[in-house]
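Q: I have just opened this entry and would like a short tour. Could we go through it together?

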Amino acid sequence: MTINVALAGAGAFGIKHLDAINLIDGVKVISLVGRERAKTEEIARKYGIPHVTTDLADSLKMKEVDAVILCTPTPMHAAQALACLVAGKHVQVEIPLCDRLTDGQAVVAAAQASGRIAMCGHTRRFNPSHQWVRQRIVTGEFNIQQMNVQTYFFRRTNMNALGQLRSWTDHLLWHHAAHTVDLFAYQTRSTIVKANAIQGPIHPTLGIAMDMSIQLAAENGAICTLSLSFNNDGPLGTFFRYIGDSGTYIARYDDLVNGKEEKIDVSQVAVSMNGIELQDREFLAAIREGREPNASVAQVLPCYEVLDRLDRQLTLDRGGAHG
């Protein structure tokens, strides 16, 4: 059975998904949604996608579309995920699920009511580096004492990963912190019971904090320290240090080294070394098998409950600072 997919968001991350889907059998992108028609048509020609639109509703009306992958701006994620479910489509929405907890809760409720697969793109669950660590946690060979995470970008202007002007503003808390908050709970296999955040000054034109520090504690005693910045002028990306009872591991996307910077072979962990491809494979397999996927919207909702707590704390702190 071929699964026909509509992909919404023909930007930097949408292209990553198109490249990943090209590597997977039994799936075809038949509709591409983009903000700018000419650019979207150009990408559609490159990937052999027959239908192009600037309105997701057009794709949702297509009976032959089985599933939708949303790579659109963060503020659109929850509403578009709801629209997909209402239209009877399976949906994978890129991280973050939402930028308000109530919206995420609405998506989870709609997914449960629809009987459709609804998954969120928490890619760190799928990167071979983190899967390798996860396997050792599950077997009891490794237990996390601390995760130390750095998420660093240089975004003093509103640009995307391709250096193109964005139509929306990214967010350290609701987007980039979501990766680590979810991964910490997932890898420790424990509920986050304490969470604290502080942030730097609000950017005068972007309206967001450019620097942030987050501390987490899990019920099992593990802790996490997360530093985030849009002011960092290289090296860029997110780097995870796992400090455990039997070793130290540093994960840089799909690559893994030990505490002595000796490379660990993670090539046998999964069928690919591409976390996005593995994420898409899980979404498609869950559709075929009629099961809940890893990183279902229900599974990741606790992450957004923590982000909501942190957001409310930061809002109160700002009020106190200016009161």
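A: Certainly. This is a predicted model. We may start with the second largest pocket, whose lining comprises seven nonpolar, three polar and four charged residues.

Q: Which residues lie nearest the centre of that second largest pocket?
A: They are Ala 185, Ser 190, Gln 299, Pro 302 and Cys 303, out of 14 lining residues.

Q: And what is the volume of the second largest pocket?
A: The volume is about 230 Å³.

Q: Which helices each supply at least two residues of its lining?
A: Helix H7, residues 172–188, and helix H9, residues 297–322, each do so. The greatest contribution to the lining comes from H9, with six residues.

Q: What follows H7 in the chain? Where is Arg 189, for instance?
A: Arg 189 sits in the loop between H7 and strand S8, which spans 192–199. Its backbone deserves a remark: Arg 189 has a positive phi of about 55 degrees, although it is not a glycine. Most residues other than glycine have a negative phi.

Q: Which residue touches Arg 189, along with Tyr 186 and Gln 187?
A: Arg 134 touches those three, leaving aside residues up to four places away in sequence. Arg 134 belongs to helix H6, residues 128–138.

Q: How many residues separate Arg 134 from Tyr 186 in sequence, and what is the distance in space?
A: They are 52 residues apart in sequence, while their C-alpha atoms are 8.7 Å apart.

Q: Changing topic: which peptide bond leading to Pro 96 is cis?
A: The bond from Ile 95 to Pro 96 is cis, with omega near 5 degrees. Pro 96 is in the loop between strand S5 (90–94) and helix H5 (101–114).

Q: And what about the bond from Gly 234 to Pro 235, cis or trans?
A: That bond is cis, with omega near -10 degrees. Pro 235 lies in the loop between strand S10 (223–229) and strand S11 (237–244). For context, most peptide bonds are trans.

Q: One last item, helix packing. How do H1 and H8 cross?
A: The axes of H1 (residues 12–21) and H8 (residues 275–289) come within 9 Å and cross at roughly 70 degrees. H1 is therefore roughly perpendicular to H8. The crossing is right-handed.

Q: Which residues meet there?
A: From H1, Phe 13, Lys 16, His 17, Ala 20 and Ile 21 meet Ile 276, Glu 277, Gln 279 and Asp 280 of H8. The residues of this contact of H1 with H8 comprise four nonpolar, two polar and three charged.

Conventions. Residues are numbered from 1 along each chain as its sequence is written. This is a predicted model: local features need pLDDT of at least 70, side-chain atom pairs count only at pLDDT 80 or more; totals for chains, interfaces and linings use all residues. Side-chain values use heavy atoms; hydrogens and water are left out. Axes are lines fitted to C-alpha atoms, for helices over the stretch in contact, and angles run from 0 to 180 degrees between N-to-C directions. Helices (H or I, at least four residues) and strands (E, at least two) are DSSP runs, numbered from the N terminus. Angles under 35 degrees count as roughly parallel, over 145 as roughly antiparallel, 65 to 115 as roughly perpendicular and the rest as oblique. A crossing is left-handed if the near helix is turned anticlockwise from the far one by less than a right angle, and right-handed if clockwise. Contact means heavy atoms within 4.5 Å. Ala, Val, Leu, Ile, Met, Phe, Trp, Tyr, Cys and Pro count as nonpolar, Asp, Glu, Lys and Arg as charged, and the others, Gly among them, as polar. On a 1 Å grid over the protein atoms alone, a cavity is a set of points where a 1.4 Å probe fits but cannot get out, and a pocket is an open set with protein on both sides within 12 Å along at least five of seven lines; lining residues have an atom within 4 Å of a point. Grid points are joined across faces, edges and corners, and a volume is the space filled by probe spheres set on the points.
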